[in-house]
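Visitor: I am new to this structure and would love a close look at one part of it. Could you walk me through it slowly?

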Amino acid sequence: QEHFVESGGRLVQPGGSLTLSCVASGFTFSADVMSWVRQAPGKGIEWVADIGRSGGFPAYTDSVAGRFTISRDNDKNTLFLQMNSLKSEDTAVYYCARGGRWRFSREVWGQGTQVTVSS
């Protein structure tokens with residue numbers, strides 16, 4: 001059974017930076033495209049970024065392009081999201097998921113990691 005542990009979220013001021021991590025287990029991490037997705041209060045799940053199996057071909061939703069960077073360490077089964085120039089509209093619970101933009105999924109969504117951007 002797949003399992004994900006996200007971390008790194010916290011309260012940060014607008015313009016600040018954070019790095020999120022997601023440690024995955026229960027499947028062959030290096031065999032999957034991986035995504036970061038988020039859910040803002042009262043809204044549905046939004047795809048944020050994805051990355052190819054070997055760490056290439058990163059892609060981003062327009063609202064974060066140029067500010068966020070997705071990366072992965074297949075030796076450690078870990079996915080990262082470097083977040084810069086944070087805005088209030090980035091406030092959300094962030095999750096990692098298997099698959100890319102149009103096919104991401106998780107068996108259980110769990111708690112994710114909360115990012116709150118506020119002064």
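Which residues is D50 in contact with, leaving aside its neighbours within four places in sequence?

Guide: Happy to help! Please keep in mind that this is a predicted model. Setting aside its neighbours within four places in sequence, D50 is in contact with V33, M34, S35, F57, P58, A59, I70, G100 and R101. Let us start from D50 itself and then follow some of those names outward.

D50 lies in strand β5. The residue is buried yet has no salt bridge. The nearest side chain of opposite charge belongs to R101, and it is 6.8 Å away. A salt bridge would need a side-chain nitrogen of Lys or Arg within 4 Å of a carboxyl oxygen of Asp or Glu, so the 6.8 Å to R101 does not qualify. R101 still has a part to play through its backbone: the side chain of D50 reaches the backbone nitrogen of R101 at 2.9 Å.

Now for the strand that holds D50. Strand β5 covers residues 45-51, and it belongs to an open sheet of six strands with mixed pairing. The order across that sheet is β2-β10-β9-β4-β5-β6. At the edges are β2 (11-12) and β6, each of which pairs on one side only. In general, strands of a sheet pair through backbone hydrogen bonds, either parallel or antiparallel. Here β4, made of residues 34-39, runs antiparallel to β5, and six bridges join the two. To see one such link, look at W36, whose bridge partner in β5 is A49.

Another name on the contact list of D50 is F57. You will find F57 in the loop between β5 (45-51) and β6 (59-60). With 77% relative accessibility, F57 counts as exposed, whereas D50 is buried. The backbone of F57 is worth a look too. Most residues other than glycine have a negative phi. The phi of F57, however, is positive, near 55 degrees. N77 also has a positive phi, of about 50 degrees, although it is not a glycine. That residue sits in the loop between β7 (68-73) and β8 (78-83). N77 is partly exposed, with a relative accessible area of 25%.

For a companion to D50, turn to another aspartate, D90, in the loop between β8 and β9 (92-98). D90 has a relative accessible area of 1%, so it is buried. Its side chain makes a polar contact with the side chain of R38, at 3.0 Å. Not counting residues up to four places away in sequence, D90 touches R38, V64, R67, F68, S85, V115 and V117.

One last stop takes us to the aromatic rings, where the count comes to four pairs. One of them joins F27 and F29, whose ring centres are 6.4 Å apart and whose planes meet at 50 degrees, so the pair is tilted. Both F27 and F29 are buried, and together with F4 they form one aromatic cluster. Another pair is F104 with W109: the ring centres are 6.4 Å apart and the planes are at 80 degrees, so this pair is edge-to-face. F104 is partly exposed, with a relative accessible area of 24%, and W109 is partly exposed as well, at 26%.

Note on methods. Residues are numbered from 1 along each chain as its sequence is written. This is a predicted model: local features need pLDDT of at least 70, side-chain atom pairs count only at pLDDT 80 or more; totals for chains, interfaces and linings use all residues. Side-chain values use heavy atoms; hydrogens and water are left out. Helices (H or I, at least four residues) and strands (E, at least two) are DSSP runs, numbered from the N terminus. Buried means under 20% relative accessible area, exposed over 50%, partly exposed in between (1.4 Å probe, protein chains only). Lys and Arg count as positive and Asp and Glu as negative; His and the chain ends are not counted. A polar contact is a pair of N or O atoms within 3.5 Å; within protein, one must be able to donate a hydrogen and the other to accept it, and residues adjacent in sequence count only if both atoms are side-chain atoms. Contact means heavy atoms within 4.5 Å. Two strands pair if DSSP finds at least two bridges between them. Rings of Phe, Tyr and Trp (its six-membered ring) pair if their centres lie within 6.5 Å; planes under 30 degrees apart count as stacked, over 60 as edge-to-face and the rest as tilted.
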